[in-house]
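Thanks for sharing this one with me. Please keep the viewer open while you read, and find each residue as it comes up.

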Amino acid sequence: MFKAIDLSPRVGSEILADRSALIEGGYSRKIEKLLVERSALVFRELFLTDEEQRRFASTIGEVVPLGEDGVSKISLDPMVSDTADYTRGAFFWHIDGANDRVPAKATMLTAKVLADGGGDTLICNTYAAYGDLPEGEKKALQGLKVRHALEASQRLVHPQPTAAQLTRWRTRPSQTHPLVWHHQHGGASLLLGATCLYVHDVSPEDSSMLLCRLHDWATQEPYVYRHKWKVGDFLLWDNTGTMHRADTYALDSKRLMHRTTLQGEEAVA
Ligand code: OGA
Ligand code: MN
């Protein structure tokens with residue numbers, strides 16, 4: 001049994017599937033195809049164990065060996081996660097691994113503990129957003145390149161960093177990517193997010209205006225799916241033709257997600 005139900009016209013589908021066949025990869029090709037078409041796939045109250053999540057993930061791609069064998073804890077509590085300091089960066093639209101040459105292919109979360117308020121996860125379809133741009137604008141964007149760096153996303157959390165903070169952020173990789181990602185399968189998407197430091201070869205004012213304008217455009221309601229979590233829900237998103245963010249929640253929240261990321265398969269081009 002496998003059924004995909006659209007949650008809105010442009011983004012997000014709920015998947016109903018036989019649980020054990022799903023975990024063993026029985027639907028992996030269907031899921032890969034839907035990921036690109038629908039951006040975000042929801043499996044309600046699936047209650048995957050870490051082992052099952054790892055297993056399922058490995059049927060869709062190569063699991064990034066972070067955390068415990070590919071399952072990391074996403075939490076704002078430094079006692080729970082040693083990267084808790086960076087978790088607040090996820091409150092802003094981003095793609096995972098934008099500062100890498102090959103961004104992650106997909107990310108998936110199982111909800112273990114919910115926030116008392118806020119904490120929804122939002123995903124926007126940047127294929128659809130790009131596709132709907134006026135043709136003249138699409139032309140104008142071709143060839144533009146954007147610098148992506150941790151500095152940009154961390155400045156949103158720490159607006160007045162010390163030189164020591166800046167130095168620490170700058171030890172991490174940064175990247176210049178095209179603003180429009182032309183994928184191998186033929187589709188094109190906007191590559192944006194909190195990691196955008198500046199657009200190359202334009203004035204700082206034009207750069208910030210263009211980035212703000214495109215972010216406004218790409219995060220309009222028809223392109224966005226908002227997931228309201230229940231414990232046990234499993235959410236999987238395409239990380240290459242989307243952006244995502246967590247709706248803010250209390251900094252002392254016990255909200256906990258178990259996350260698995262799939263290695264990117266395609267450099268941005
Ligand atoms: C992530 C992320 C969003 C969330 O894990 O990469 O952005 O809602 N998570 O926790
Ligand atoms: Mn993320």
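My notes below start with the ligand and end with salt bridges.

1. A word before we begin: what you are looking at is a predicted model.

2. Start with the surroundings of ligand 1. Its neighbours are Ile74, Ala90, His94, Asp96, Leu109, Thr121, His244, Ala246, Arg255 and Arg259. Sorted by character, this shell has four nonpolar, three polar and three charged residues. Try colouring them in your viewer.

3. Next, look at the polar side chains that face oxygen atoms of the ligand. Arg255 has a polar side-chain atom 2.8 Å from an oxygen of ligand 1. For His94, a polar side-chain atom is 3.1 Å from a ligand oxygen, and for Asp96 the corresponding distance is 3.1 Å. How much of the accessible area of ligand 1 does the protein cover? On its own ligand 1 has 290 Å², and the protein covers 96% of that.

4. Where does the ligand sit? The space that ligand 1 takes up is the largest pocket.

5. Now zoom out to the charged pairs. Across the whole structure, a search turns up 21 salt bridges. One of them joins Arg38 and Asp6, whose closest N and O atoms are 3.5 Å apart. Why is this pair worth finding in the viewer? Arg38 belongs to helix 2 (residues 28–38) and Asp6 to strand 1 (residues 2–6), so the salt bridge ties together parts that are 32 residues apart in sequence.

Methods: Residues numbered from 1 in each chain as written. Chains lettered and ligands numbered in written order. Predicted model: local features only at pLDDT ≥ 70, side-chain atom pairs only at ≥ 80, totals over all residues. Heavy atoms only, no water. Near = heavy atom within 4 Å. Polar contact = N/O pair within 3.5 Å; in protein donor to acceptor, adjacent residues only side chain to side chain. Areas by Shrake-Rupley, 256 points an atom, 1.4 Å probe, with all protein chains shown as cover. 1 Å grid on protein atoms, 1.4 Å probe; cavity = no way out; pocket = protein on both sides within 12 Å on 5 of 7 lines; lining within 4 Å. Sits in = over half its atoms within 2 Å of the grid points. Nonpolar A, V, L, I, M, F, W, Y, C, P; charged D, E, K, R; others polar. Salt bridge = Lys/Arg side-chain N within 4 Å of Asp/Glu carboxyl O. Helix = DSSP H or I, 4+ residues; strand = E, 2+ residues; numbered from the N terminus.
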